[in-house]
Structure formats: C-alpha cells, structure tokens
Amino acid sequence: NVGDMLDRLTSGQLRSTTHRVVNPGGEAARRARYSMPFFLHFRPDFVIEPLASCLAAGDSPAPPITAHEFLQQRLREIGLA
C-alpha cells in the first residue's frame with residue numbers, strides 16, 4: 001500500500017488503497033490484536049508535481065500542490081479537518 005501523496009506524484013501509477021481491517025471470527029476473535037501503523041509524509045513545503053515519466057501520452061498533469069495543502073485537503077475529505 002502506498003500513500004495518497006505518492007499516488008498523486010505518480011499520476012496513479014502507484015495506487016493508494018483504502019485501509020480496512022476485518023475482525024476475525026470464531027476463537028480468533030478472543031485473542032488480543034495489535035496494530036502498528038507507520039505514516040510517512042513529504043515535508044510540508046514539498047511541491048507535489050506529477051512526475052513526467054508517470055504521465056500517459058496525452059494526459060494532463062494534476063496542478064502542483066504543496067504536501068501541507070494536499071494533506072489538509074485529504075483530511076477535509078475524510079472529515080478530520
């Protein structure tokens with residue numbers, strides 16, 4: 001799984017997927033589970049511009065956006081900002 005910023009940087013060549021967890025059933029549901037997520041973001045001032053090598057012929061690149069602006073946009077989309 002790659003992050004949303006890498007998805008944008010590569011014009012969708014590396015896809016970000018929705019994180020989902022399915023609780024186990026039966027006896028496994030009684031055992032403790034642990035999760036260790038790891039999040040990595042670009043510097044806030046990094047400008048995300050789609051890489052030319054990731055654009056298909058005739059495709060228009062997404063407009064440039066700073067990593068901070070992009071993160072704020074994504075947080076608003078999921079209701080966390």
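# Notebook: loops, pocket and core

I started with Met36, which is exposed at 79% relative accessibility. Met36 sits in the loop between H1 and S1. I took one distance from there: the C-alpha atoms of Met36 and Glu69 are 26 Å apart, with their positions 33 residues apart along the chain.

I noted that this is a predicted model. I looked up the confidence next. Mean pLDDT for the protein is 88, and 99% of the residues reach 70 or more. Among the elements, H1 has the lowest mean, 90. Strand S2, residues 65–66, has the highest, 96. I kept one caution in mind: where pLDDT is low, predicted coordinates should not be read in detail.

**Ser11 and Ser60**

I went back to the loop between H1 and strand S1 (47–48), where Ser11 also lies. The phi of Ser11 is near 50 degrees, so I flagged a positive value in a residue other than glycine. Most residues other than glycine have a negative phi. Is Ser11 buried, partly exposed or exposed? Its relative accessibility is 31%, so Ser11 counts as partly exposed.

I then looked up Ser60, in the loop between S1 and S2. Ser60 has a relative accessible area of 66% and is therefore exposed. The two serines, Ser60 and Ser11, are 49 residues apart in sequence. In space their C-alpha atoms are 9.6 Å apart.

**Leu51**

Leu51 lies in the loop between S1 and S2. I read 37% relative accessibility for Leu51, so this leucine is partly exposed. From Leu51 to Ala28 I noted 44 Å between C-alpha atoms, for 23 residues along the chain.

**The largest pocket**

I turned to the largest pocket. Its volume is about 910 Å³. The lining has 23 residues, and the closest to the pocket centre are Val2, Gly3, Asp4, Ser16 and Phe39. Which helices supply at least two residues each of the lining? They are H1 (4–9) and H2 (67–77). H2 gives the largest share, four residues. I sorted the lining by class: 13 residues are nonpolar, eight are polar and two are charged.

**Asp4**

I followed Asp4 from the pocket, where Asp4 is one of the lining residues closest to the centre. Asp4 belongs to helix H1. Its relative accessible area is 28%, so Asp4 is partly exposed. Leaving out residues up to four places away in sequence, Asp4 touches Ser16, Phe70 and Arg74. Ser16 is also among the lining residues closest to the pocket centre. I added one distance: the C-alpha atoms of Asp4 and Ala52, 48 residues apart along the chain, are 18 Å apart.

**The largest nonpolar core**

Phe70 led me to the largest nonpolar core. Which six residues make up this core? I listed Met5, Leu9, Ile48, Ile65, Ala67 and Phe70. H1 and H2 each supply at least two residues of the core. I checked the contacts of Phe70, again leaving out residues up to four places away in sequence. Phe70 touches Asp4, Met5, Arg8, Ile48 and Ile65.

**Wrap-up**

My last entry sets two items side by side. H1 and H2 each supply at least two residues of the lining of the largest pocket. H1 and H2 each supply at least two residues of the core as well. Asp4 of H1 and Phe70 of the core are in contact.

Technical notes. Residues numbered from 1 in each chain as written. Predicted model: local features only at pLDDT ≥ 70, side-chain atom pairs only at ≥ 80, totals over all residues. Heavy atoms only, no water. 1 Å grid on protein atoms, 1.4 Å probe; cavity = no way out; pocket = protein on both sides within 12 Å on 5 of 7 lines; lining within 4 Å. Points joined across faces, edges and corners; volume = space filled by probe spheres on them. Nonpolar A, V, L, I, M, F, W, Y, C, P; charged D, E, K, R; others polar. Core = buried A, V, L, I, M, F, W, Y, C linked by side-chain atoms within 4.5 Å. Buried < 20%, exposed > 50% of the residue type's maximum accessible area, 1.4 Å probe, protein only. Contact = heavy atoms within 4.5 Å. pLDDT = per-residue confidence, 0-100.
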